[in-house]
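Subject: A structure to look through

Hello,

I am passing on the structure that we talked about, and below it I have set out what was found, so please keep the view open while you read.

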Amino acid sequence: MDDDLTLDPDFPARFDRGQRSRCQLYLVSPPRITEDFAEILAEALDAGPVAAFQLRLKGLDEHAIARMAEPLQLACSERDVAFIVNDSISLAKRLGADGVHLGQGDGDPREARTILGPAAQVGVTCHDSRHLAMEAGEAGADYVAFGAFFPTTTKEVLHRAEPSILGWWSTLFELPCVAIGGITPDNGRILVEAGADFLAVCGAVWTHPDGPGAGVRAFAPLLDRS
Ligand SMILES: Cc1ncc(COP(=O)(O)OP(=O)(O)O)c(N)n1
Ligand SMILES: Cc1ncsc1CCOP(=O)(O)O
Ligand SMILES: [Mg+2]
């Protein structure tokens, strides 16, 4: 059991939780993108409120990712959407990104804070572990991410989470929590009601049959829990 640790519930939060009555959308890029992805991203971002976009490209070196990043970062900054780099503190620094998302093997949140500065948004994967989430909070993360909640083809996942971990976290701590993994407009409501501050979504938006704008719009009815 890992639920017997305690943590000061007042430790500071920087990732904007927004109003508790609302959950926000956090878009994650497809693992591979085409040359025209900036236009596809713009279509998604213009379709409805998106709080953050994570650049998560797999199988490419940092130079290649850096070359693709600029128009995507611009699309985000023009719309006041946080631009988060996956996996790499050094790439986030190089790009001047708004933040970095770190998996358990991707680096130390404290190091990210030192390198990226106090304003950077640092997110940490916590799988289905209360212990990891409390560690991440203590290490100065701006949000903790739980998942995968549902089957997904975007990533081979080793951990499955239950919605109750969102309720447990959001009742005890001010630090925002992100839900990820196979989330769609049809299954996401239970996560919003359980207490997710953000739904992190990839496939359901980028592979929506009517395009990514329709993908974003389809989430709108879920996000208000008032
Ligand atoms: C918001 C969010 N949550 C979890 C992850 C997964 O990160 P990680 O465990 O490092 O796996 P990869 O994304 O690197 O395959 C994420 N990227 N974003
Ligand atoms: C990156 C990641 N981490 C856990 S599940 C997942 C994939 C999210 O993509 P999708 O929304 O398509 O399941
Ligand atoms: Mg990672």
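The shell around ligand 2 is made up of 8 nonpolar, 6 polar and 1 charged residues, and please bear in mind throughout that this is a predicted model. In total 15 residues surround ligand 2, and the closest of them are T152, T154, G181, C202 and G203.

The surroundings of ligand 1 can be described in the same way. There are 15 residues around ligand 1, of which G103, T125, A145, I180 and A200 come nearest, and the elements that contribute two or more residues to this shell are β5 (121–125) and β7 (177–180). Sorted by class, the shell around ligand 1 holds 5 nonpolar, 6 polar and 4 charged residues.

Next, the fold. The chain has 9 helices and 8 strands, and its radius of gyration of 16 Å is close to the 17 Å that the globule rule gives for 226 residues, so the chain is as compact as a globular protein of that length. Measured out along its principal axes, the C-alpha trace spans about 50 × 40 × 30 Å, and 46% of the 226 residues count as buried.

How are the strands arranged? They form a closed barrel of 8 strands, which runs β1-β2-β3-β4-β5-β6-β7-β8 with parallel pairing, and the twist from one strand to the next averages 25°. As general background, strands of a sheet pair through backbone hydrogen bonds, and they may do so in a parallel or an antiparallel way. Here β1 pairs with strand β8 (residues 198–201) in the parallel sense over 4 bridges, and if you would like one position to look up, L25 has L199 in β8 as its bridge partner.

Just beyond β1 you may want to look at T34, which sits in the loop between β1 (24–28) and α1 (37–45). Is T34 buried or exposed? T34 is exposed, because there are 9 other C-beta atoms within 10 Å, and a residue counts as exposed when that number is 12 or fewer. The C-alpha atoms of T34 and M68 are separated by 9.4 Å, although these residues are 34 residues apart along the chain.

Finally, there is a record to set beside the model: in an unreviewed entry, UniProt places the feature "domain: Thiamine phosphate synthase/TenI" at residues 25–205. Over residues 25–205 the chain is 38% helix and 19% strand, and the end C-alpha atoms of this stretch are 11 Å apart.

Best wishes

Terms used
Residues are numbered from 1 along each chain as its sequence is written. Chains are lettered from A and ligands numbered from 1 in the order in which they are written. This is a predicted model: local features need pLDDT of at least 70, side-chain atom pairs count only at pLDDT 80 or more; totals for chains, interfaces and linings use all residues. A residue is near a molecule or strand if its C-beta atom, placed from the backbone, lies within 6 Å of it. Ala, Val, Leu, Ile, Met, Phe, Trp, Tyr, Cys and Pro count as nonpolar, Asp, Glu, Lys and Arg as charged, and the others, Gly among them, as polar. A residue is buried if 20 or more other C-beta atoms lie within 10 Å of its own, exposed if 12 or fewer, and partly exposed in between; C-beta atoms are placed from the backbone. Two strands pair if DSSP finds at least two bridges between them. Axes are lines fitted to C-alpha atoms, for helices over the stretch in contact, and angles run from 0 to 180 degrees between N-to-C directions. UniProt positions are given in the numbering used here, feature names are shortened, and annotations may be inferred rather than shown by experiment. The radius of gyration is taken over C-alpha atoms; the globule rule is 2.2 Å times the number of residues to the power 0.38.
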